[in-house]
Amino acid sequence: MGTADSKLNFRKAVIQLTTKTQPVEATDDAFWDQFWADSATSVQDVFALVPAAEIRAVREESPSNLATLCYKAVEKLVQGSESGCHSEKEKQIVLNCCRLLTRVLPYIFEDPDWRGFFWSTVPGAGQEGGEEDENARPLAESLLLAIADLLFCPDFTVQSHRKSAVDSAEDIHSLDSCEYIWEAGVGFAHSPQPNYTHDLNRTELLKLLLTCFSEAMYLPPAPDSNSANPWVQFFCSTENRHALPLFTSLLNIVCAYDPVGYGIPYNHWLFSDYREPLVEEAAQVLIVTLDYDSATSASPTIDGTTTGTAMDDSDPPGPENLFVNYLSRIHREEDFQFILKGVARLLSNPLLQTYLPNSAKKIQFHQELLVLFWKLCDFNKKFLFFVLKSSDVLDILVPILFFLNDARADQSRVGLMHIGVFILLLLSGERNFGVRLNKPYSVRVPMDIPVFTGTHADLLIVVFHKIITSGHQRLQPLFDCLLTIIVNVSPYLKSLSMVAANKLLHLLEAFSTTWFLFSAVQNHHLVFFLLEVFNNIIQYQFDGNSNLVYAIIRKRSVFHQLANLPTDVPSIHKALQRRRRNPETLSRTNSQEGVSMEGSCPAAPAEPGTLKTSLVATPAIFIHLHHCPPLPPPQGIDKLTEKSQVSEDGTMKSLEPESGRSPAESSSPARTSEREEPGQACREQQQSPTASTGGQWNPTPDWVLSWKSKLPLQTIMRLLQVLVPQVEKICIDKGLTDESEILKFLQHGTLVGLLPVPHPILIRKYQANSGTAMWFRTYMWGVIYLRNVDPPVWYDTDVKLFEIQRV
């Protein structure tokens with residue numbers, strides 16, 4: 001049968017289905033076989049030949065026909081999984097049913113009246129031989145188990161282990177799927193021979209699986225994130241006998257993928273890479289199955305014991321979701337190394353620079369990889385510690401900073417900005433991350449940032465400065481997070497470059513202007529954070545940071561202005577008037593941008609008021625994560641993080657959450673002013689009715705005084721009191737105009753015994769909560785929605801989890 005005839009017959013069957021007003025009997029095989037047995041249509045053909053309007057028409061006008069179509073398609077998949085798909089015709093039927101269900105399922109999910117259909121048993125669908133219907137599984141369970149079986153079907157999705165053609169076919173029911181894991185890696189040493197047909201078949205089955213899971217897109221975000229996805233819940237339960245090999249296959253296929261291969265230029269133009277679509281689909285299925293709220297259920301802890309298996313069996317059972325359970329129990333160092341190297345290689349791929357333009361293949365699924373990396377760190381603390389144990393963490397840091405810098409002016413990628421910052425916030429809560437940042441930065445990634453010679457800490461500060469000063473306005477809620485990351489690592493930064501030091505001082509200069517401080521109730525938090533950064537470096541890393549000390553001396557007027565901040569009503573009013581005349585949030589004046597790195601190009605700004613997708617293929621769609629809570633949550637950074645104090649032996653102890661202060665702070669007035677939690681005074685004042693009039697907040701003298709008196713300026717003022725006269729005397733005595741001589745003097749200077757008693761190091765560690773869990777779910781599905789454009793699985797369906805804007 002020719003392809004054209006096949007498509008024509010398929011289209012005729014669809015028209016018959018939509019025009020028949022009477023229910024078609026399930027036993028009418030001649031009619032139903034037209035959809036899968038007599039046609040050889042691609043998934044693109046199915047999407048073109050089954051229009052959305054006709055699916056909805058059948059749903060509304062002939063519901064029994066749609067129900068029978070779904071039931072019969074699932075029945076064929078179950079039969080294929082039980083028989084083992086030995087013939088080519090069986091394989092074709094399975095693929096056709098797979099494509100048809102992928103097309104129809106989203107329209108089942110978008111209608112609340114249909115959503116329970118797959119979780120009911122079909123009347124008369126019991127086992128043959130007259131068994132009662134109560135023995136029949138719900139349709140959803142039958143479908144998921146059939147997909148799982150088919151993903152390990154010899155000669156269809158995995159390589160057969162038969163020695164020769166005369167050997168008997170493998171029994172699908174007795175088959176040990178752990179021997180058929182798709183790729184070497186975690187828990188599996190054998191790398192099967194690549195087979196592009198198997199890759200294509202796996203990809204189609206995984207796309208159907210992802211479509212099954214996508215019911216979550218059609219439910220509005222729940223206030224509590226405990227509402228588990230029933231499809232994911234069942235698939236990741238003990239009912240699925242393939243759970244372990246499938247989890248391992250998905251993880252290994254992603255982490256083992258090398259898009260560059262042997263590095264032959266333009267190899268991706270010469271031949272098709274059938275592995276990449278599979279890797280993308282595997283990454284998406286993996287992050288959806290790992291969508292589990294760790295805030296409400298702690299993942300099992302790893303006790304460090306080593307067994308001969310990839311999963312540590314010595315731990316408690318852990319979550320009911322087996323995929324989360326398996327992920328949390330990985331413990332062998334060679335497995336961690338494999339995962340980390342794989343994720344780092346793929347994240348770094350878009351940064352590749354070659355002499356021949358477009359000669360290296362660039363992947364597009366870095367957002368899914370960031371979600372996966374987040375899940376790895378969140379559910380497996382031993383993996384997080386492994387990442388931070390060596391400089392390998394910098395292979396993750398540099399790509400994230402590249403993505404943040406590249407997306408800062410593009411409103412369509414605000415979700416990417418959030419997840420990148422959240423990963424860095426999580427990492428910065430560990431001491432080792434700050435220590436690793438001291439490694440010199442020598443790999444020149446093309447970013448439009450000033451050229452500098454320094455460390456990875458300098459790179460982080462320069463990129464953060466760029467985000468704050470030239471990002472779009474919707475990034476302002478992230479400023480607290482960005483500065484919290486710098487605060488967390490600041491006690492460990494041995495030597496900042498002059499470029500990074502000037503960037504920090506420029507931020508303080510911008511944030512401490514009166515119009516900025518008085519224009520919003522939370523703006524002064526940012527000054528507290530920056531002062532804490534300076535205090536940490538002066539108290540703990542003074543010896544190597546002459547560049548920062550010199551920058552502080554040069555900009556000493558900023559600190560004096562803060563100390564003498566006006567609190568009277570006329571001054572406040574005058575500052576706010578200046579705000580109205582100058583609406584720009586931050587100025588680049590004196591930021592010393594300098595020359596950008598070679599090969600870089602500036603980020604393209606988004607059109608005002610729009611959130612354009614970054615996909616060329618769907619220029620008419622705008623996606624807005626409308627329902628998800630802003631990040632950080634409205635309560636502020638203190639709700640997003642948990643404060644821990646570093647003891648002298650390097651261990652951390654959590655501080656009481658009450659008011660964010662330790663008992664030591666309450667007993668010592670001097671220590672309180674040094675260590676007041678940023679924003680604490682503000683939060684107390686926010687609850688006072690005197691701070692607002694008619695629903696609009698206005699600054700008052702009392703409010704300004706409440707936090708001005710707690711500005712931690714003592715250490716810096718003491719430094720200036722000691723060093724400024726000495727520097728001025730040297731300049732006068734030696735007639736110096738060259739800053740290198742002053743820096744040399746500062747390098748050999750000391751403030752031992754002259755500064756206040758060093759304050760305890762305070763680290764703000766990321767704390768999981770239901771608000772961020774809901775945000776991650778919304779962001780993840782938003783990414784999946786936009787990435788699946790060929791075929792466009794969810795296009796033109798009534799999604800509820802986020803808002804779609806079409807232009």
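How many helices and strands does the secondary structure of the chain come to? The count is 35 helices and seven strands, where helices (H or I, at least four residues) and strands (E, at least two) are DSSP runs numbered from the N terminus.

This is a predicted model, in which local features need pLDDT of at least 70 and side-chain atom pairs count only at pLDDT 80 or more, while totals for chains, interfaces and linings use all residues. Residues are numbered from 1 along each chain as its sequence is written, and side-chain values use heavy atoms, with hydrogens and water left out.

## The chain as a whole

Let's start with the overall picture. The chain has 807 residues, and 58% of them count as buried. Here buried means under 20% relative accessible area, exposed means over 50%, and partly exposed lies in between (1.4 Å probe, protein chains only). About 33600 Å² of the chain is exposed, and carbon and sulfur atoms supply 53% of that area. Accessible areas come from the Shrake-Rupley method with a 1.4 Å probe; for residues, only the protein chains shown count as cover.

Contacts (heavy atoms within 4.5 Å) tell us how the chain folds back on itself. Among contacts with a separation of 6 or more, 78% are between residues 24 or more positions apart.

## Inside the structure

In soluble globular proteins, nonpolar side chains tend to be buried together. The largest nonpolar core in this model has 244 residues, and Phe35, Phe118 and Trp781 have the most contacts inside it. Helix 6 gives the most to this core, with twelve residues. A nonpolar core is a set of buried Ala, Val, Leu, Ile, Met, Phe, Trp, Tyr and Cys residues joined through side-chain atoms within 4.5 Å.

Which residues does phenylalanine 118 contact, leaving aside its neighbours within four places in sequence? They are Cys70, Val74, Leu105, Ile108, Pro138, Leu139, Ala140, Leu143 and Trp231.

Helix 21 (residues 479–489) is worth finding too: eleven of its eleven residues are buried, so this helix is largely enclosed by the rest of the structure. Its buried residues include Phe479, Asp480 and Asn488.

Now look at isoleucine 538, which lies in helix 24 (residues 524–540). Isoleucine 538 is buried, with a relative accessible area of 3%. Not counting residues up to four places away in sequence, isoleucine 538 touches Ile552, Thr715, Ile716, Leu719 and Leu755. Its C-alpha atom is 9.7 Å from that of serine 490, and the two residues are 48 residues apart along the chain.

## Salt bridges

How many salt bridges does a search of the whole structure find? It finds 33, a salt bridge being a side-chain nitrogen of Lys or Arg within 4 Å of a carboxyl oxygen of Asp or Glu. Three examples are listed here.

| Pair | N to O distance |
|---|---|
| Lysine 7 and aspartate 45 | 3.4 Å |
| Arginine 59 and aspartate 111 | 3.5 Å |
| Arginine 275 and aspartate 199 | 2.9 Å |

Arginine 275 lies in helix 12 (residues 275–289) and aspartate 199 in helix 8 (residues 196–213), so this pair ties together parts that are 76 residues apart in sequence. Both arginine 275 and aspartate 199 are buried.

Arginine 59 is buried at 10% relative accessibility, and aspartate 111 is buried at 12%. Arginine 59 and aspartate 111 also belong to a network of salt bridges that links Arg56, Arg59, Glu60, Glu110 and Asp111.

In the remaining pair, lysine 7 is partly exposed, with a relative accessible area of 30%, whereas aspartate 45 counts as buried at 15%.

## Cysteines and a surface patch

A disulfide is a pair of cysteine sulfur atoms within 2.5 Å, and by this rule the count comes to zero. Why is cysteine 85 not bonded to cysteine 153? The sulfur of cysteine 153 is the closest cysteine sulfur to that of cysteine 85, but at 4.6 Å it is too far for a bond. Cysteine 85 is buried, with a relative accessible area of 1%.

On the surface, Tyr196, Leu200 and Tyr274 form a nonpolar patch with about 290 Å² of accessible area together. Patches are made of residues with over 30% relative accessible area and no salt bridge, where like charges are joined within 9 Å and nonpolar side chains (Val, Leu, Ile, Met, Phe, Trp, Tyr) within 5 Å. Tyrosine 274 sits in the loop between helix 11 (267–270) and helix 12, and counts as partly exposed at 33% relative accessibility.
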